[in-house]
Structure formats: structure tokens, C-alpha cells
Amino acid sequence: MTIRRAEEAKTNQEHLLLEHLKRLVRFRGGRRAMHIHLSRLRPYYRSSQHIRIAVNTFEFLVKQLEGQIFLLNNADLVFICKGGEVAAIDEAVTRLRHLFNGDPLAQNLDIEEESRFCTWYDLEQQYDEFLAIAQQLYDEEDRRGKRLAAISSVPEPAKKPVLPPLSPSRLGELIDALARADLSNMMRRQAICSLQGDEPPKPMFRELYISIDELRDIVMPEFDVARDRWLFQHLTQTLDNRMLQLLRKNDDRAIGSTYSVNLNVATLLSDRFLAFDAGLRAATRGTIIFELQMIDIFADLPAFLFARDFVKERGYRICLDGATDLTIPYIDREQLGIDLVKIIWRPEMVSGSRERIKALYAQIAEMGRTRTILCRCGSEDAVRVGQELGISLFQGRYVDGLLAAASGTSSMQRLRAAAAASPAAIL
């Protein structure tokens with residue numbers, strides 16, 4: 001009899017659970033299983049401390065009832081035991097409810113709703129049913145592991161040394177160099193995807209941008225061009241003009257679909273933007289989203305309101321970029337007249353009191369869950385927390401990996417289908 005402690009590696013717990021059940025096929029008489037759905041709790045209640053206490057709650061039953069505890073990778077607990085009074089087990093579950101009593105999941109006392117927190121199985125009568133659930137949990141974890149393996153092949157960006165900021169004179173030199181440089185090879189694309197549960201990512205549109213790091217490495221590698229916020233803002237206005245030139249001349253068919261581009265408010269009020277707008281068909285304008293930095297919008301709110309009215313009348317859409325969980329209480333999306341809001345992912349988003357997390361949940365709902373994008377998602381945790389907050393649109397390196405993995409799977413499926421239809425064509 002062993003205890004699967006919370007601090008042990010969790011990656012193989014689904015496999016151990018499945019193997020344990022298979023060994024019980026001829027010894028299931030008098031055995032019970034409890035599936036405690038901690039994965040359905042709010043993020044605050046799934047901290048390592050909460051999970052550790054939950055596991056310890058069942059430790060005394062392990063010895064008494066020939067029990068086994070399995071801590072699954074999604075934070076669910078499975079407890080399997082032999083014999084024992086239901087009251088003793090129910091007491092442990094009740095203690096768990098008290099531990100998580102601030103979460104709505106643990107507060108429901110209705111018999112039908114109670115199973116959402118803890119589901120009981122009589123393995124003598126429900127063995128096949130629970131075995132199928134264990135198999136499903138194993139399959140889901142196996143798929144997740146394969147996705148992570150595919151994503152891990154995306155190299156981490158190398159850490160760069162701290163560089164001095166640009167001086168005004170160096171900024172002038174850089175702007176002169178940009179006027180002569182070919183920036184088309186520095187244009188990058190990153191998808192904003194809809195992620196619903198375990199379904200493959202669905203690209204909604206792509207952000208087009210010029211890689212600042214590559215630009216610096218090529219033109220002025222000895223300086224950090226973004227370190228001085230206001231000099232960088234001036235630099236981005238020059239980059240805006242070059243981006244508009246690239247968009248007018250670019251014949252890439254991928255740009256024919258919906259895309260977003262980061263611009264300054266001042267750029268939207270410039271003659272160069274008027275020239276860009278005049279060269280577009282009316283239908284094309286509806287496929288373009290202008291991303292405006294929060295600091296730029298509030299630096300001159302009257303200028304933004306004027307630019308907003310102009311571009312929206314022309315058919316464009318607007319996304320506020322650069323928001324965080326700390327600043328969204330001050331954003332009224334509808335009053336600002338913007339279509340989308342980008343929130344920068346921070347692990348600290350879900351730290352703190354339960355009241356703060358509930359407030360964040362409500363603030364995102366007020367902005368519009370389908371109009372909120374969680375960006376800079378570099379991990380699975382970012383997407384998982386975002387989904388629990390009701391967000392469905394995501395952007396970042398982790399999402400890029402999911403998209404690449406899904407595309408690879410689709411390509412393989414098409415290849416196999418072609419091989420089945422005409423084997424000679426593949427050979």
C-alpha cells in the first residue's frame with residue numbers, strides 16, 4: 001500500500017491509476033472509488049498548498065482501508081479503498097468541502113450538484129464505467145504530453161545582455177537608417193486563436209509586426225531601442241510609416257485575410273495614413289484591426305477619440321493593446337468605443353484573495369469575454385487560467401506551438417488519406 005503524494009511527479013499518475021484498476025478486475029468486491037473533481041475549482045483553490053492539504057486529508061484512510069490515492073495532472077484526486085464505513089469516507093469529503101468552502105463548487109449541497117465535486121463508484125457494480133473514465137483520463141493526459149513534446153521543440157528565445165538606451169542623437173541616426181533599410185524580411189505574423197476546451201486552436205486573425213529585436217541587431221545592436229519609453233514611441237511612428245508602405249506594396253495572399261497591426265494614434269491622423277486608406281477597397285478595410293497601446297490612447301484622449309471616429313467610420317476595427325489585470329478596472333470598452341482588448345498574461349493574475357479573483361472574473365465579463373484576448377501566453381497555465389476566466393482568444397508562444405502541432409496532425413491525416421486512396425501516388 002503506497003501513498004501517491006502531491007510532491008511526487010504527477011506525469012504518470014493516470015497510467016498508474018489505469019494499471020491499478022486493471023489489476024483489481026478479479027478483486028473488486030467491496031471496493032469503492034471516489035473521483036474528487038478539484039480541477040473544477042477556481043484557480044485560487046488549486047494552489048500547491050490546497051492540493052497538498054487535500055491529499056493529506058485521505059492519508060489516515062489509506063492505512064485503514066487498503067487505500068490508494070492518485071493525484072492526477074489536472075489536480076483531480078482519485079481514492080480507491082476496500083470496505084470501511086461510508087461515514088468515515090464521507091467525513092473526509094466533508095473536510096475537503098470546508099477547505100474549499102469559498103468556491104461555489106464546494107458550496108452546492110443539492111444531491112445532483114454534489115457529484116460535480118465528488119463522484120462515488122461501487123467498483124463491484126460500476127467497474128466497467130469507472131475503468132472507461134480512467135482510460136479517458138489516461139488518453140487525455142497522453143495527448144497533452146504529446147502536445148507539450150511538440151511545443152518543446154520550439155526554441156526558447158536566448159537571453160540578451162542589458163544594453164544602454166538610445167540617446168536622441170542615436171535615435172536620429174536610427175531613423176535615417178530605417179528610411180533606407182529593407183524591412184520586408186523583418187515582418188512577422190502571429191496568430192490570435194480561439195481555444196475551446198481541448199479542441200485544436202482555431203486562428204481568428206493574425207497580428208503583423210516588425211521584429212524590434214531583429215531590427216536592433218541589424219541596424220544598431222549596441223543599444224536597447226525600447227528601453228527609453230518615449231524615444232521608443234517616437235521610433236515606432238517611423239516604423240508605422242514603413243509598415244503602411246509594406247502593407248500597400250505586399251502581395252502576400254496571407255494578408256488578404258483578417259489581420260491586425262500596431263500603430264500610434266498620431267499615425268492614424270497623418271497624411272501617410274490617408275494615402276494608405278485611399279489605396280484600399282472598402283471591403284478590405286473591414287478585415288483590418290488597428291492595435292493601439294493603452295499608454296498612447298490615454299496620453300492624448302481627445303486625439304484618440306477623433307482618430308477612433310474616423311477609422312471606425314471607414315470600416316476598420318480597434319483593439320486596445322497593453323492592458324493588464326491591474327489596469328482593466330479603469331477600462332470601459334464600450335465607452336471608449338473599441339472592439340477588442342488585449343490583456344498581458346502574468347502569473348500573478350490569479351494570486352491574492354478570492355475577492356480579487358472574483359473581481360477580475362467580473363471585469364472580464366463586463367469587457368466581453370469574446371472581445372478579450374490574453375496575449376504573451378508562454379505556458380499551458382496561461383491558457384488554462386484564461387479559459388477559467390471565460391476568455392476564449394489567446395496569443396503567444398504556447399499557442400504557436402499548439403497551432404503547429406495541430407497543423408502537423410492535419411497534414412499527416414491528409415497524407416494517410418491520400419495513401420489509402422492511391423498508394424502508388426505516395427510512393
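User: Which residue just after α15 takes a positive phi, and of about how many degrees?

Analyst: This is a predicted model, in which local features need pLDDT of at least 70, side-chain atom pairs count only at pLDDT 80 or more, and totals for chains, interfaces and linings use all residues. Residues are numbered from 1 along each chain as its sequence is written, and side-chain values use heavy atoms, with hydrogens and water left out. Helices (DSSP runs of H or I, at least four residues) and strands (E, at least two) are numbered from the N terminus. Just after α15, the positive phi belongs to Gly 315, at about 110°.

User: How far apart are the end C-alpha atoms of helix α15?

Analyst: Helix α15 covers residues 301–313, which is 13 residues. The expected span is 1.5 Å times one less than the number of residues, so α15 should span 18 Å. The end C-alpha atoms agree with that: they are 18 Å apart.

User: What arc do the buried residues of α15 cover around the axis?

Analyst: Buried means under 20% relative accessible area, exposed over 50%, and partly exposed in between (1.4 Å probe, protein chains only). The buried residues of α15 are Ala 303, Phe 304, Ala 307, Arg 308 and Val 311. They sit on the same side of α15, because the arc, taken from the directions from the helix axis to the C-beta atoms, is only 135°.

User: Which exposed residues does the face of α15 turned away from its buried side carry?

Analyst: An α-helix has 3.6 residues a turn, so residues three or four places apart point the same way. On α15, the face turned away from the buried side carries exposed Pro 302, Phe 306 and Glu 313.

User: Are α2 and α4 roughly parallel or roughly antiparallel?

Analyst: Helix α2 (residues 48–57) and helix α4 (residues 86–99) pack at about 165°, with axes 10 Å apart. Axes are lines fitted to C-alpha atoms, for helices over the stretch in contact, and angles run from 0 to 180 degrees between N-to-C directions. Angles under 35 degrees count as roughly parallel, over 145 as roughly antiparallel, 65 to 115 as roughly perpendicular and the rest as oblique. That makes α2 and α4 roughly antiparallel.

User: Which residues does Gly 322 touch, not counting residues up to four places away in sequence?

Analyst: Gly 322 is in strand β9. Its relative accessibility is 23%, so Gly 322 counts as partly exposed. With contact meaning heavy atoms within 4.5 Å, Gly 322 touches Gln 293, Met 294, Lys 342 and Ile 344.
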